[in-house]
Amino acid sequence: MHSIPVTASRSYDILIGQNILPELFAHRGGLSDTKRVCIFTDSCVKRLHLPKLTALLNERGVSYEVFAFPNGEASKNLDTLGQMLNFLAQNNFSQGEKILALGGGDSGLALLLCSAISSLTASLRRLNGSFRLQDLRLQ
């Protein structure tokens with residue numbers, strides 16, 4: 001497992017690796033103190049690997065919401081990104097909660113984009129005090 005430290009308004013780690021699900025609860029930046037998590041994945045990875053992850057989450061009393069987008073090139077668009085952001089807003093995820101990208105490149109890239117947009121909304125909220133992630137809709 002590789003850990004990439006990120007220093008922003010608050011510090012956190014991005015964890016990358018193969019077969020790391022059990023390690024997620026032991027790592028400082030992982031899920032050790034998490035009560036709720038959002039999982040982004042594609043339909044193929046969901047079918048293959050989500051049951052293992054949800055079993056671990058259930059064992060530890062962690063609640064979760066899953067957003068699975070269709071596997072393939074057709075999902076690589078702003079509409080899917082907008083759906084992901086709306087999913088976060090509709091499920092009341094806040095900036096301090098954990099988001100997991102389960103799978104390879106597409107899930108990870110989408111997660112990074114969502115994170116960047118979420119950070120932008122937090123900055124906008126600090127500027128005027130009224131901007132919410134729910135106000136951001138990509139059409």
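This passage describes the overall fold, the nonpolar cores and one loop residue of a predicted protein model.

The protein chain contains 3 helices and 5 strands, which follow one another from the N terminus in the order β-β-β-α-β-α-β-α. Of its 139 residues, 36% count as buried, and the chain exposes about 8,300 Å², of which carbon and sulfur atoms supply 54%. Among the contacts in the protein chain with a separation of 6 or more, 64% are accounted for by residues 24 or more positions apart.

The largest nonpolar core comprises 16 residues, of which Leu-24, Ile-39, Leu-53 and Leu-57 touch the most other members. Two or more residues are given to this core by each of β3, α1 (43-59) and β5 (98-102), with α1 giving the most, namely 5 residues. When neighbours within four places in sequence are left aside, Leu-57 is in contact with Phe-25, Leu-31, Val-37, Ile-39, Val-62 and Tyr-64. A second, separate core has 10 residues, including Cys-38, Phe-67, Met-84 and Leu-85.

Outside the helices and strands, Thr-34 lies in the loop between β2 (11-16) and β3 (36-42). Thr-34 is nevertheless classed as buried, because its relative accessible area is 8%, and the cut-off for a buried residue is under 20%. If residues up to four places away in sequence are not counted, Thr-34 touches Val-62 and Lys-98. Val-62 is thus a contact of the loop residue Thr-34 and also appears among the contacts of Leu-57.

Technical notes
Residues are numbered from 1 along each chain as its sequence is written. This is a predicted model: local features need pLDDT of at least 70, side-chain atom pairs count only at pLDDT 80 or more; totals for chains, interfaces and linings use all residues. Side-chain values use heavy atoms; hydrogens and water are left out. Helices (H or I, at least four residues) and strands (E, at least two) are DSSP runs, numbered from the N terminus. Buried means under 20% relative accessible area, exposed over 50%, partly exposed in between (1.4 Å probe, protein chains only). Contact means heavy atoms within 4.5 Å. Accessible areas come from the Shrake-Rupley method with a 1.4 Å probe; for residues, only the protein chains shown count as cover. A nonpolar core is a set of buried Ala, Val, Leu, Ile, Met, Phe, Trp, Tyr and Cys residues joined through side-chain atoms within 4.5 Å.
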